[in-house]
Amino acid sequence: MQAIFSNLALGMQTAMTWTNILWVIVGGSLGTIIGMLPGLGPATGVAILIPITFGMNPATALITMCAVYYGAMFGGSRASIMINVPGDASAIVSCFDGYPMTKQGRAGPALAISAIASFIGGTIGMLFLIFLTQPIASAALKFGPAEMFSLLFFALVATITLSEGDLLKGLIAIAFGLMLSTIGIDAMTGLVRFTYGMGSLNDGIDFLAIIIGVYAVTEVYKNFKDINAVYKLDSKTIGKVWISKEDWKRTWKPMLRNSPLGFLIGVLPGMGGSIATFMSYALEKNLSKHPEEFGKGAIEGLAAPEASNNACSCGAMVPLLTLGIPGSGTTAVMLGALMMLGVRPGPTLFTDHPEIAWGVIASMLLGNIILVIINLPLAIPLVQLLRVPTRIMLPIIMGLALIGTYFLNYSSADFIIVMIAGVIGYIFSKLEIPLPPLVLALILGGAAEQNLRNSIVLSNGSPLIFLQKPISAVFLVLAVATLAYAILKRKKQAA
Amino acid sequence: MNLMTGIIAIVIGGIYLVTAMLLPQMTMGDRLGPKLFPSIIGVVAIVAGAVLAFRERNPEKRSKKTDFGFVKHKSVWIKILLTTIVGIAYGLVMDSLGFLIPTTLFMLFITTLINKGRVVQNLIIAIAFAVLTYGVFAVALKLSLPRGFLEQMLPF
């Protein structure tokens with residue numbers, strides 16, 4: 001326990017510098033704005049804001065990206081509440097009761113409870129994160145290549161089995177991502193693979209270019225259909241952005257019980273904010289004495305998923321920081337950006353660079369407070385941004401995406417990859433091939449292959465090594481179990 | 001839809017697997033290494049694609065037809081195509097023309113494509129975007145951006 005507090009104190013030293021506090025404010029505000037815009041979520045936010053982190057030291061870069069991430073979580077529901085259009089998938093549930101509250105003239109309390117619940121969810125999530133990271137990171141330090149491969153295998157399998165959608169299409173997405181990860185010179189033998197004679201591919205495909213392509217350009221293309229959308233916003237009727245005693249009485253319990261649930265879901269790979277929010281909504285509706293009020297402006301129907309969503313984003317940071325394994329699209333983008341800066345999150349981050357690991361954790365605690373301050377008094381001016389038409393926002397996002405691409409290698413040659421990835425991402429979305437598993441596989445592919453090969457060399461060619469090592473065997477059993485669960489669940493749904 | 005996805009997976013997986021098989025065998029060290037992982041991936045893609053396509057034989061389980069909307073959303077596809085081409089061209093001219101001019105032109109093109117008929121508004125957005133991003137990245141954050149003749153004339 002004492003170690004945790006001394007680590008946190010070390011983290012506070014990093015987080016409490018003026019530069020880092022400034023970037024938490026800037027990142028959190030930009031994240032709130034991007035999260036708020038219909039159709040754009042945290043992954044797009046982090047992807048297009050990557051260039052501002054270049055030139056920063058790794059701690060500040062990670063602190064800024066985290067601020068963008070949870071800023072987007074705070075902002076995601078603004079559009080749901082005000083105009084019934086979710087900022088991203090995890091804000092869909094906020095439309096259910098948030099918009100009816102606005103129609104009843106209670107937009108002020110809705111915006112307030114959304115910020116308060118996000119704050120409570122985020123803070124509880126952070127507390128879990130603080131107490132969990134060190135033990136997990138310490139355990140992971142003992143992992144050899146076999147354990148690491150099985151863990152990566154489980155993470156990839158879980159990404160498709162725990163999320164919704166077709167298992168086979170998820171598997172195909174993973175295979176495509178892994179294929180892309182093998183292009184270029186093989187680090188272990190120097191052999192050039194899958195470049196088909198193109199010398200520019202020898203260094204491999206820059207995964208950040210693919211990420212910007214599928215998370216920024218594809219999202220812009222998807223929005224081309226609705227470019228003339230202009231949302232009617234009546235900000236005069238918002239009223240006071242605060243909640244009454246009665247509202248608090250109705251919401252404090254739902255916020256407290258859904259935060260741990262959201263956190264747990266966030267830790268699991270593949271289960272993002274959308275699943276957390278839907279589960280929390282369903283749980284509260286079941287527990288409520290007035291389930292008939294849900295969908296008609298019940299404030300707890302908004303508070304519970306909001307708390308759950310922010311706790312979920314804290315949970316998603318656990319595998320990223322402690323194992324170096326992103327469990328969601330947004331954390332995958334963050335991992336990619338960090339690898340560009342020469343930092344590899346994982347258990348060694350806590351031993352080699354504790355100031356970065358704990359600095360980020362401390363900054364998230366701080367950022368939560370800053371964001372609730374930004375989101376309560378500034379709620380009314382912030383929602384005015386929803387008046388900016390989509391047809392103006394999209395070109396700006398496209399421009400930022402391409403400028404970000406330039407900074408990857410200080411070259412505009414990657415524009416080709418980004419633009420093509422954008423089109424392919426759009427076609428995949430039409431074919432309903434999920435993109436997050438592809439991106440995760442692309443990022444984790446190199447490590448998976450290296451650990452697989454090292455394990456096989458260590459065992460003199462025997463694949464049984466993965467079952468002989470107990471921890472590795474546990475991960476494989478978990479992978480099989482989630483697969484069986486997913487197959488059974490889908491069969492049940494089909495029946 | 002699933003039939004098409006399955007065929008795409010089989011074709012790409014097939015090409016990939018054949019390429020993996022043709023990789024030279026290493027004579028020492030990690031002999032199977034460079035081929036092992038790609039071979040597994042290729043097989044996974046082909047098998048997943050085949051099962052997906054095979055499932056379409058059952059009319060009850062058949063997925064809905066892929067709706068790319070080439071006809072219904074023709075204008076969307078034209079916009080995507082044009083944006084892609086101009087985005088690539090933007091990258092190609094950036095090194096020689098610098099940042100400000102190509103960025104303004106790119107933004108002007110894309111705003112004109114999306115925000116039709118508002119010439120002055122589009123011009124303001126395009127110029128403001130180029131100047132502001134240059135100010136933030138090149139001047140404030142001191143990140144290097146391509147310098148053409150216009151940038152050479154600037155004091156920063």
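Visitor: What covers the buried residues of α4(B)?

Guide: In this predicted model, the cover includes α17 of chain A together with α3 (74–97), α5 (119–140) and α6 (149–153) of chain B. Helices here are DSSP runs of H or I of at least four residues, and strands are E runs of at least two, numbered from the N terminus. Residues are numbered from 1 along each chain as its sequence is written, and chains are lettered from A and ligands numbered from 1 in the order written. The model being predicted, local features need pLDDT of at least 70 and side-chain atom pairs count only at pLDDT 80 or more, whereas totals for chains, interfaces and linings use all residues.

Visitor: Which residues of α4(B) are called buried?

Guide: The term applies to B:Leu100, B:Pro102, B:Thr103, B:Phe106, B:Met107, B:Ile110, B:Thr111, B:Leu113 and B:Ile114. A residue is buried if 20 or more other C-beta atoms, placed from the backbone, lie within 10 Å of its own (exposed: 12 or fewer; partly exposed: in between).

Visitor: How do you know that the end-to-end distance of α4(B) agrees with its number of residues?

Guide: The 15 residues of α4(B), 100–114, should span 21 Å at 1.5 Å a residue (1.5 Å times one less than the number of residues). The end C-alpha atoms of α4(B) are 21 Å apart, so the two values agree.

Visitor: What is found for α9 of chain A by that rule?

Guide: The 17 residues of α9(A), 207–223, should span 24 Å, and its end C-alpha atoms are 23 Å apart, which agrees. α9(A) also bends by about 30 degrees at A:Gly213, the angle being that between axes fitted to the seven residues ending there and the seven starting there.

Visitor: Why is α9(A) described as largely enclosed by the rest of the structure?

Guide: Of its 17 residues, 16 are buried, so the description holds for α9(A).

Visitor: How many residues of chain A are in contact with chain B, and which element gives the largest share?

Guide: 49 residues of chain A are in contact with 51 residues of chain B, by the criterion that C-beta atoms, placed from the backbone, lie within 7 Å. α17(A) supplies the largest share of that side of chain A, ten residues.

Visitor: Why does the radius of gyration of chain A agree with that of a compact globule?

Guide: For 495 residues the rule (2.2 Å times the number of residues to the power 0.38, over C-alpha atoms) gives a value near 23 Å; chain A has 22 Å, which agrees. Chain A has 21 helices and two strands, and buried residues make up 62% of its 495 residues.

Definitions and conventions. Two residues are in contact if their C-beta atoms, placed from the backbone, lie within 7 Å.
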